[in-house]
Amino acid sequence: MAKNTKNYQRLYTKKVMEIFKNPHNYGRIKNADGIGRVGNPICGDVIWLYIKVGKNKKNEEIIKDIKFETFGCVAAIATSSIITDLVKGKTIKEASTITKNKIIESLGGLPRIKYHCSVLAVDALKEAIKDYFGKVKVWAKK
Amino acid sequence: MKKVYLDYAATTPVDPRVLKAMIPYFSKKFGNTMSLHSFGQNAKTATEQARQVLAKMIGASPEEIIFTSSATESNNLVLKGIASAFRQKQGQNRGHMIISTIEHPCIMESAKWLESQGVEITKLPVDKYGLVNPDDVKKAIKKNTILVSVIHASNEIGTIEPIAEIGKICKETGVYFHTDAAQSFGKIPISVKEMNIDLLTASSHKIYGPKGVALLYVREGIKITPLLHGGGQESGLRSSTVNVPAIVGFAKAAELCLKEMEKESKRLSRLRDRLIKTLLKIEGVHLNGHPQKRLSNNVNIRFDFIEGESLVIQLDLQGIACSTGSACSSMKLEPSYVLLAIGLKREEAHGSLRISLGRFTKEEDVKYFLKVLPPIIKKLREISPYGKKY
């Protein structure tokens, strides 16, 4: 087993492989406050992110819950999983500042050719937050 | 952990009997075939014996067999060598070549390069099973056509092309016909005379021989320009010190394949068909390629809503080796052009898996694969946004 994992370090880091084997927070959130659906036109990977928004003690909006659904490669699944871990419980403001570099760094690196997967995860989160704010506006009008 | 290799179309292990035949030629019988002394002449004899075995296997004469380093080299030599010989004769007219849309990359890329040098290239489409229509070949042949090259059996989907019919058309119209038999040689009978093949590529490492050796059959009388110039080995068509141990191994490997061909083909077809039948019982699973006209060792299937690289790596974590035509697994992030050529959408090509069986595949290996696969499919579909359908 160890030998096998070592082979993959050439393609994927140990961290990526660990997450790929046991991804966190996958699935759907019913009545999500925001949904981000993005796809990569080049390779065909698709990430859907669902967020549930709550408030912390300072009355700031936070990402109370987050889940993903991904149709894609090892890198796409690993980046989806790690972004949910990175932003869960964070304020929306903090979550909005997450970058692809932060994701790549948290994974201990990604093959150059797979960098676009990390961009896809960031885009999915941005879309989900945008979707949430769009809904808030509609609620405010009502 | 149990290890199950199901990627024989990529490469095969060297058969112990082949290795045994090769070993003396690394040290004791190490001579250079060009040397006049006994060391050289012994090496020369071994090479010529190997040439005879391989020639006989496809119904050719030994003088018509050129040893090369790989099927890629053989295919490059055919396309570039024929184009160059034609140009020397014709001057301004660069000629026209016909290939299919499902050739191996070494044919595709050689054709692309020749196109940049002024050679006209026609790529013939295939049907949904990956078959080339011989009528299309007939229609595509023009006055300046110099070569038709169609793969004997697809390396990805295993479809066996109507080579004899295409050969007949080429013979009637006086156009050279080449087939890349890297995947079929040693697995199905080949007769260059009966099938009207003028040039043929075969490789050693796909048939339990060593890597680094292949052959090109060039029918007597065909003018071809070498890629490598030098000492004039291989009738001047391929200069380089002759790789004697590899050639000896190649011939031994071919001999064993020929001896065991019928029995092995039946055994593998049975395993293949059971595999296909069981896999198709899973929801959202489809077969790529032809149900009957396919290599006895090839299974190519696709799973809805799953990406191939994830699948291959999940299988590898359980000790199973397969391959995929998914864009994610390619260096260009492009899905397999072979799968696109048979009419699959990009997302369909995304979920394809090639399982290729071989000499050391046991029934229990197939059983293990069939036990391990369904939970992986289920999990990846749970992760996929589209997977809820199943």
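Where in chain B is the place of B:Tyr208? Between β7 (199-203) and β8 (214-218) of chain B, in the loop. A word of caution before I go on: this is a predicted model.

Back to that loop. B:Tyr208 is not a glycine, and still its phi is positive, about 70°. Is this residue buried or exposed? B:Tyr208 counts as buried, because 26 C-beta neighbours lie inside 10 Å and the cut-off is 20 or more.

Now a second case. B:Ser240 is not a glycine either, and its phi is positive at about 155°. Look for B:Ser240 in the loop between β8 and α7 (244-279) of chain B. Here the surroundings read as partly exposed: B:Ser240 has 14 other C-beta atoms within 10 Å.

One more positive phi, this time at a glycine. B:Gly174 comes just after α6(B) and takes a phi of about 70°.

That brings me to the helix itself. Which residues of α6 of chain B, residues 163-173, are buried? They are B:Ile163, B:Ile166, B:Gly167 and B:Cys170. Those buried residues cover an arc of only 105° around the axis, so they sit on the same side of α6(B). The spacing fits a general rule. An α-helix has 3.6 residues a turn, so residues three or four places apart point the same way. What covers this buried side? The cover includes α5 (134-140), β5 (145-149) and β6 (176-180) of chain B.

Compare helix α3 of chain B, residues 71-90. Its 20 residues reach 28 Å from first C-alpha to last. That is close to the 28 Å expected at 1.5 Å a residue. α3(B) is mostly covered, with 14 of its 20 residues buried.

Last stop in chain B: B:Val299, in strand β10 (residues 298-303). B:Val299 is buried, with 26 other C-beta atoms within 10 Å. Which residues does B:Val299 contact, leaving aside neighbours within four places in sequence? B:Arg272, B:Leu275, B:Ile276 and B:Ile355. Also look at B:Leu287. B:Leu287 and B:Val299 are 12 residues apart along the chain, and their C-alpha atoms are separated by 7.8 Å.

Over to chain A, and its sheet. This is an open sheet of 3 strands, in the order β1-β2-β3, with antiparallel pairing. The edge strands are β1 (34-39) and β3 of chain A, each pairing on one side only. On average, neighbouring strands are turned by 15° against each other, direction ignored.

How many bridges join β2(A) and β3(A)? The two strands pair over 10 bridges, in the antiparallel sense. For a landmark, take A:Val53, which stands opposite A:Ile63 in β3(A). Then the helix: α6 of chain A, residues 115-141, lies across β1 and β2 of chain A. α6(A) runs at about 145° to β1(A).

Finally, the two chains together. The contact takes 19 residues from chain A and 19 residues from chain B. Which elements of chain A each supply at least two residues to the side that touches chain B? α2 (14-21), β2 (46-55), β3 (61-71) and α3 (74-87) of chain A. The largest share of that side, 3 residues, comes from β3(A). By class, the chain A side has 13 nonpolar, 3 polar and 3 charged residues.

To close, one link to carry away: β3(A) is an edge strand of the sheet, and β3(A) also gives the largest share of the chain A side that touches chain B.

Note on methods. Residues numbered from 1 in each chain as written. Chains lettered and ligands numbered in written order. Predicted model: local features only at pLDDT ≥ 70, side-chain atom pairs only at ≥ 80, totals over all residues. Helix = DSSP H or I, 4+ residues; strand = E, 2+ residues; numbered from the N terminus. Buried ≥ 20, exposed ≤ 12 C-beta atoms within 10 Å, placed from the backbone. Contact = placed C-beta atoms within 7 Å. Nonpolar A, V, L, I, M, F, W, Y, C, P; charged D, E, K, R; others polar. Arc of directions from axis to C-beta. Pairing = 2+ DSSP bridges. Axes fitted to C-alpha atoms, helices over the stretch in contact; angles between N-to-C directions. Expected span 1.5 Å × (residues − 1).
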